[in-house]
2 protein chains.
Amino acid sequence: MATIQDVAKAAGVSAMTVSNVINGHPNVRPATRDRVLEAMDRLGYRVNVAARNLRKGRTGTIGLAVPEINRPYYGRLAASIIAAAARHGLRVSIEQTGARRENELAALSLSRNRLYDGLILSTVGMGPADVGALDVDHPVVILGERIFGGPVDHVAMPNEAASQAATRHLVERHCRRIAIVCGRLGGEADVSSLRHAGYLRALAAAGLPADPELVVTAESLTMREAARAVRQRMADGPGFDGVFCVTDTVAMGVLRALADAGVRVPDQVKVIGFDNVDESAYLVPSLSTVDPDHDLMADRAVGLLAARIDGGGPEREREEFAGPFRLVVRESTGG
Amino acid sequence: MATIQDVAKAAGVSAMTVSNVINGHPNVRPATRDRVLEAMDRLGYRVNVAARNLRKGRTGTIGLAVPEINRPYYGRLAASIIAAAARHGLRVSIEQTGARRENELAALSLSRNRLYDGLILSTVGMGPADVGALDVDHPVVILGERIFGGPVDHVAMPNEAASQAATRHLVERHCRRIAIVCGRLGGEADVSSLRHAGYLRALAAAGLPADPELVVTAESLTMREAARAVRQRMADGPGFDGVFCVTDTVAMGVLRALADAGVRVPDQVKVIGFDNVDESAYLVPSLSTVDPDHDLMADRAVGLLAARIDGGGPEREREEFAGPFRLVVRESTGG
DNA sequence: GCTGCCGTTTGTATCGATAAAAAGCTGCCA
DNA sequence: TGGCAGCTTTTTATCGATACAAACGGCAGC
């Protein structure tokens with residue numbers, strides 16, 4: 001594989017001149033430039049990125065750590081982030097953490113290896129107790145839930161507000177016994193807890209009691225576990241007329257479980273999700289949901305990260321950005 | 001940020017000794033090792049991967065180029081590949097090509113930049129005419145469709161065989177006018193053409209005529225376009241009693257379009273897809289499909305690539321591997 | 001013809017880690 | 001005591017690109 005030296009020799013110039021041509025520096029005589037370009041072409045020269053990275057101290061790659069890329073929500077998020085990063089001239093490398101705390105911490109340390117110029121971390125497993133791990137000397141942006149007081153930039157989902165709006169929508173559609181399907185509660189700042197809080201607030205605002213019977217807890221936020229949890233709860237009749245699902249993926253599992261039990265949606269039970277993944281509009285019945293504007297959040301997250309990378313040193317204050325959201329009403333809540 | 005030299009100085013040894021400790025070489029006295037480890041810990045030392053890459057001529061990262069990560073099939077594929085790569089100690093960086101030929105070619109050239117040790121390319125836009133572009137001097141594995149005679153390893157979907165099996169299944173369920181929903185035909189080796197060929201073969205084997213009216217062509221293999229194409233075709237009644245959809249994503253669009261038209265699945269029309277993405281089991285009705293064993297294919301693709309990277313030089317013959325598949329019967333074809 | 005300036009080109013050092021070879025140490029035996 | 005084998009450790013050179021400063025060449029002006 002040809003190096004810059006080979007090209008230099010072939011073109012009868014120094015390596016620096018070749019470098020100058022590659023990087024579009026001014027003050028290279030056109031005739032020289034042409035000679036160099038011709039030599040590069042002839043030798044099939046390609047920049048060695050490792051060498052450039054070493055010299056420049058940058059890799060041009062950011063890391064994206066998500067629980068699992070194979071879930072509509074994270075797929076969608078990743079797509080938005082890859083696109084946003086490309087606009088900043090950055091590539092994206094994806095780590096799967098399996099929502100496990102230790103893997104999320106490992107992702108942080110990879111980025112310390114200078115493999116990435118910065119890291120976008122979608123935390124799920126880490127809790128407030130791990131805030132210390134975030135206190136690193138390289139750019140990190142948390143995307144998703146809320147890490148209290150973490151010393152990093154943070155783009156937050158509008159968890160509580162949007163959950164409240166979703167639940168309120170069920171109230172407005174005359175649901176009176178509204179269930180929530182979520183993951184295990186107890187953490188301070190995970191998706192389930194935050195969205196559960198929004199759900200409770202909506203109930204309170206509507207003067208509805210918060211019946212613990214109506215909290216359906218799945219082992220994990222997957223279709224399988226959501227369906228299983230709902231089936232179990234429905235052993236003796238639904239006992240609810242509305243369901244707020246903490247993600248659209250969960251909602252898909254719930255819709256399936258309801259269908260298995262012969263429960264008609266939206267006639268007998270109304271269902272609303274959270275995320276507005278692409279699939280939601282195409283389900284039968286199509287799924288009402290709240291849409292947190294992924295593109296905007298991705299754009300903001302990458303923007304913050306890029307700013308940190310480009311020298312926005314540690315003296316810059318950390319930023320918090322809470323995304324906007326939009327209620328999307330479809331068939332599953334009666335259109 | 002501390003370098004290996006800093007650690008060496010702090011531990012009172014040479015840089016090489018530190019390097020030896022890092023890389024777990026034998027012949028480092030335990031006492032020395034401890035001293036080095038302590039210094040590394042104290043200084044918060046992290047390997048500079050760019051420097052190591054330069055020296056070793058490897059990056060430890062492979063590229064995965066897919067049309068769009070935000071589609072269930074590619075998400076699933078990416079998840080499998082990331083997992084398989086991790087087993088080989090490789091990281092995965094994802095490029096989105098948008099199924100566009102020029103982006104697929106660009107992905108090839110990125111890998112030429114030695115950014116990646118190798119590339120797994122899921123071709124969609126490139127055709128047999130671009131075979132020349134694949135003749136590169138670094139490891140590439142094509143995953144997906146068939147590139148005739150490309151000078152690279154190739155893990156192929158069992159496109160024709162599985163499509164034939166899916167269509168045959170519809171025949172066995174007494175469908176007599178079986179439609180196919182696919183993308184534009186005409187290419188020699190794209191998904192749609194190959195799966196269309198399998199569909200035709202099944203019809204021929206069953207002695208059914210191949211009515212061009214039953215070929216529904218979508219602009220792209222998305223839910224939106226599939227739904228649009230089917231709606232258009234159904235303006236004057238369905239005219240078919242079975243549909244083979246070239247992907248599960250397409251099937252989701254089709255199911256939605258049928259629901260909109262008040263057509264009952266599977267009573268009036270039976271539907272089968274291709275891919276067995278996670279969502280398929282949870283749709284209402286759940287989707288029959290063929291499952292190409294993504295994990296196995298991912299494993300094989302990464303395995304081939306890793307072998308090429310580890311010196312399996314260009315003299316090794318290129319390999320072709322056609323994945324197995326499995327028919328998955330669910331509600332959409334009558335259970 | 002000489003000076004000085006400006007646009008162009010080149011030499012040298014460097015980023016940080018590591019392969020290969022050389023040099024230091026031990027301890028053991030003759 | 002000298003010599004040698006076998007671990008340990010260090011020295012030196014290198015991967016390829018680029019920052020920086022120095023050198024070069026041509027030309028206008030005196």
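I began at Asn27(B), where an N or O atom of the side chain is 3.3 Å from a phosphate oxygen of DNA strand D; I count a polar contact as a pair of N or O atoms within 3.5 Å, and within protein one atom must be able to donate a hydrogen and the other to accept it, while residues adjacent in sequence count only if both atoms are side-chain atoms. The model is a predicted one, so local features need pLDDT of at least 70 and side-chain atom pairs count only at pLDDT 80 or more, whereas totals for chains, interfaces and linings use all residues. Residues are numbered from 1 along each chain as its sequence is written, chains are lettered from A and ligands numbered from 1 in the order in which they are written, and side-chain values use heavy atoms, with hydrogens and water left out.

**Entry: DNA strand D**

I noted two further polar contacts with DNA strand D: a polar backbone atom of Arg29(B) is 3.2 Å from a phosphate oxygen, and a polar side-chain atom of Arg55(B) lies 3.0 Å from a base oxygen. I then listed the residues near the strand, near meaning that a heavy atom of the residue lies within 4 Å of it. There are 25 residues around DNA strand D, and those that come nearest are Ile4(A), Tyr45(A), Arg52(A), Arg55(A) and Thr32(B). Looking from the side of the DNA, I found that 61% of the atoms of strand D within 4 Å of the protein belong to sugar or phosphate, and the rest to bases.

Which helix gives the largest share of the surface near DNA strand D? I found it to be helix 4 of chain A, with five residues; helices (H or I, at least four residues) and strands (E, at least two) are DSSP runs, numbered from the N terminus. At least two residues each come from helix 1 (4–11), helix 2 (15–22) and helix 4 (49–56) of chain A, and likewise from helix 2 (15–22) and helix 4 (49–56) of chain B. By class I recorded ten nonpolar, nine polar and six charged residues, taking Ala, Val, Leu, Ile, Met, Phe, Trp, Tyr, Cys and Pro as nonpolar, Asp, Glu, Lys and Arg as charged, and the others, Gly among them, as polar.

**Entry: DNA strand C**

I next turned to DNA strand C, where Thr32(A), Ile4(B), Tyr45(B), Arg52(B) and Arg55(B) come nearest of the 25 residues around it. Its phosphate oxygens are approached by a backbone N or O atom of Ser14(A) at 2.9 Å, by a side-chain N or O atom of Thr17(A) at 2.9 Å and by a polar backbone atom of Asn48(B) at 3.2 Å. Of the atoms of strand C within 4 Å of the protein, 62% belong to sugar or phosphate. The largest share of this surface, five residues, comes from helix 4 of chain B.

**Entry: how the two chains are related**

I looked up the superposition of chain B on chain A, made by least squares on the C-alpha atoms of residues with pLDDT of at least 70 in both; it gives an RMSD of 0.1 Å with a turn of 180 degrees and a shift of 0.1 Å along the axis. That is the relation of a two-fold axis. In chain B, Ser93(B) comes closest to the rotation axis, its C-alpha being at 2.0 Å. The same surface serves both copies, as 100% of the contact residues of chain B recur in chain A, with contact meaning heavy atoms within 4.5 Å.

**Entry: the sheet of chain A**

I traced an open sheet of four strands in chain A, in the order 7-6-8-9 and with parallel pairing; two strands pair if DSSP finds at least two bridges between them. Strand 7 (215–217) and strand 9 (270–272) of chain A are the edge strands, each pairing on one side only. Strand 6 (residues 178–182) and strand 8 (residues 242–245) of chain A pair in the parallel sense over four bridges, and Ile180(A) stands opposite Phe244(A) of strand 8. Helix 7 (residues 159–172) of chain A packs on the sheet, touching strand 6, strand 8 and strand 9, and its direction makes about 165 degrees with that of strand 8; axes are lines fitted to C-alpha atoms, for helices over the stretch in contact, and angles run from 0 to 180 degrees between N-to-C directions.
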